[in-house]
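This report looks at two backbone positions, then at the surroundings of the ligands, and finally at enclosed space within the protein.

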Amino acid sequence: MNFLDPSPARHRTIPIQDARERYVAPDVQLLPQHAEDRSPDYMGPVQDALDRPWHDLRISVTDQCNFRCRYCMPKEVFGRDYPFLPHSALLSFDEIAHLVATAVPLGVRKVRLTGGEPLLRKHLEQLIATLAAQAEARAVPLNIAMTSNGSLLATKAAALRSAGLGRITVSLDALDERIFQQMNDADVSVATVLRGIDAALQAGFERVKVNVVLRRGWNEDQIVPLARHFLGMPVSLRFIEFMDVGQSNGWTMAHVVPGAEILQRLQREFHLTPLAPAAKGETARRWAYQELSTPTSTVQTEIGLINSVTQAFCGDCNRARITADGQLFTCLFAQSGVNLLPYLRGGDATTQPLGRLLRAVWSQRTDRYSEVRKEVNVKARANKAEMNYLGG
Ligand code: SAM
Ligand code: SF4
Ligand code: SF4
């Protein structure tokens, strides 16, 4: 493992504009037919141009983070002078709740709060309570989830659960202290994150999902120790191929640990039983696993592989992302988003115009970046938005 290899990120200059100037598409011009659309009713499930329904909305509640994961927010780029969004630019909880209320009639049934680190956003449990109450009042089954680095979870898990958070995903890239701290680059210990996972289980989350991003040369030898550590616990482990999100993480194909290799490493140590997909559009291929020698536990621990690079799943992609400042992105690898702010802040904050805009954006969507990654000229995607801004 060599964390000191020079990577392109180390030579990048610090952007002087904040994300609002870099990634915002000229909104209405993008959707000429929307300007003509005066239909009063935008309701009903919407499908995109490739017949994919809209089901999942990921909401970034902040672009800031207390980690500096080298594959996401390397310190060389996200340093002291990095122009994070000012607080006044962040969507308020009321604006987010309005957006969700408008998206649900279009088919959205899952909302994931993310960031940056979502637990840095003060009083996040109030937003969760509002979203849960709103769904209950309208008798809509809305699944409210969150992805967190776990560093602040030990103190917040109980409040999040009682506010109505349904599912929680915690990111943990290594069990080995040195490797973990070198990857998060923020001196947060493995024990802190493990305490957060335990607190979540104690707070009443039936399962905790644990995300592991694998980056060649850094943490592939952590696959088996992580699987062994969580064996027998109500945990769903997700091994994720390192992706070429943003411009700062120095990604090359050589850094990707392919899912096929992850599977081989696991099969050498464990007995794996394939699990059927739990839902359409599921990104992970899943297995239940047990020790080869002593299959004892009654609690099913599960492993999933998210092979986003080597086995693209754009065909079923039902996710949109909203940035902390209200830009709607229909693909993780998009270069710009559609500005929803005029529809959410001041002016006409009623449901119909926003609903019609959302319908127009989703129904025109043709994104399938991971399927065409090899064909597209990577330089043509030179201004891809960063993960902390988009929300993972
Ligand atoms: N800060 C929170 C966390 O780390 O869980 C939430 C935001 S983070 C951007 C969401 C997920 O994206 C994390 O599980 C993280 O490991 C993953 N991620 C970040 N950069 C990635 C990359 N380049 N490739 C694959 N996954 C990545
Ligand atoms: Fe922060 Fe999450 Fe990115 Fe790590 S992966 S830097 S914890 S936003
Ligand atoms: Fe969805 Fe874009 Fe990822 Fe394909 S590349 S799965 S369209 S977010």
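## Backbone positions with positive phi

Asp-187 lies in the loop that runs between helix 7 (177–184) and helix 8 (190–203). In this predicted model, the phi angle of Asp-187 is near 60°, a positive value in a residue other than glycine. Most residues other than glycine have a negative phi. The relative accessibility of Asp-187 is 67%, and Asp-187 therefore counts as exposed, the cut-off for that class being over 50%.

A positive phi near 60° is also found at His-123, again a residue other than glycine. His-123 is placed in the loop between strand 2 (110–114) and helix 5. With a relative accessible area of 46%, His-123 is partly exposed, because that class covers the range between 20% and 50%.

## Surroundings of ligand 1

The shell around ligand 1 is made up of 19 residues, and the closest of them are Tyr-71, Gly-116, Ser-171, Asn-211 and Met-243. By class, this shell holds seven nonpolar, 10 polar and two charged residues.

Three of the side chains place polar atoms at short listed distances from oxygen atoms of the ligand: a polar side-chain atom of Ser-171 lies 2.6 Å from an oxygen atom of ligand 1, a polar side-chain atom of Asn-211 lies 3.0 Å from an oxygen atom of ligand 1, and an N or O atom in the side chain of Tyr-71 is 3.1 Å from an oxygen atom of ligand 1. Of the 540 Å² of accessible area that ligand 1 has on its own, the protein covers 94%. Strand 3 (143–148), strand 5 (208–214) and strand 6 (235–241) are the elements that give two or more residues to the shell around ligand 1.

## Surroundings of ligand 2

Ligand 2 is surrounded by Cys-65, Phe-67, Cys-69, Cys-72, Met-73, Gly-116 and Asn-149. The shell around ligand 2 divides into five nonpolar and two polar residues, with no charged residues.

## Enclosed space

The count of cavities of 30 Å³ or more comes to one, and the space in the largest cavity is about 70 Å³. Its lining consists of Val-100, Ala-101, Val-104, Leu-131, Gln-134, Ala-135, Arg-138, Val-140 and Leu-142.

Helix 4 (93–103) and helix 5 (124–137) are the elements that give two or more residues to the lining of the largest cavity, and helix 5 gives the most, with three residues. By class, the lining of the largest cavity has seven nonpolar residues, one polar residue and one charged residue.

Notes
Residues numbered from 1 in each chain as written. Chains lettered and ligands numbered in written order. Predicted model: local features only at pLDDT ≥ 70, side-chain atom pairs only at ≥ 80, totals over all residues. Heavy atoms only, no water. Near = heavy atom within 4 Å. Polar contact = N/O pair within 3.5 Å; in protein donor to acceptor, adjacent residues only side chain to side chain. Areas by Shrake-Rupley, 256 points an atom, 1.4 Å probe, with all protein chains shown as cover. Helix = DSSP H or I, 4+ residues; strand = E, 2+ residues; numbered from the N terminus. Nonpolar A, V, L, I, M, F, W, Y, C, P; charged D, E, K, R; others polar. 1 Å grid on protein atoms, 1.4 Å probe; cavity = no way out; pocket = protein on both sides within 12 Å on 5 of 7 lines; lining within 4 Å. Points joined across faces, edges and corners; volume = space filled by probe spheres on them. Buried < 20%, exposed > 50% of the residue type's maximum accessible area, 1.4 Å probe, protein only.
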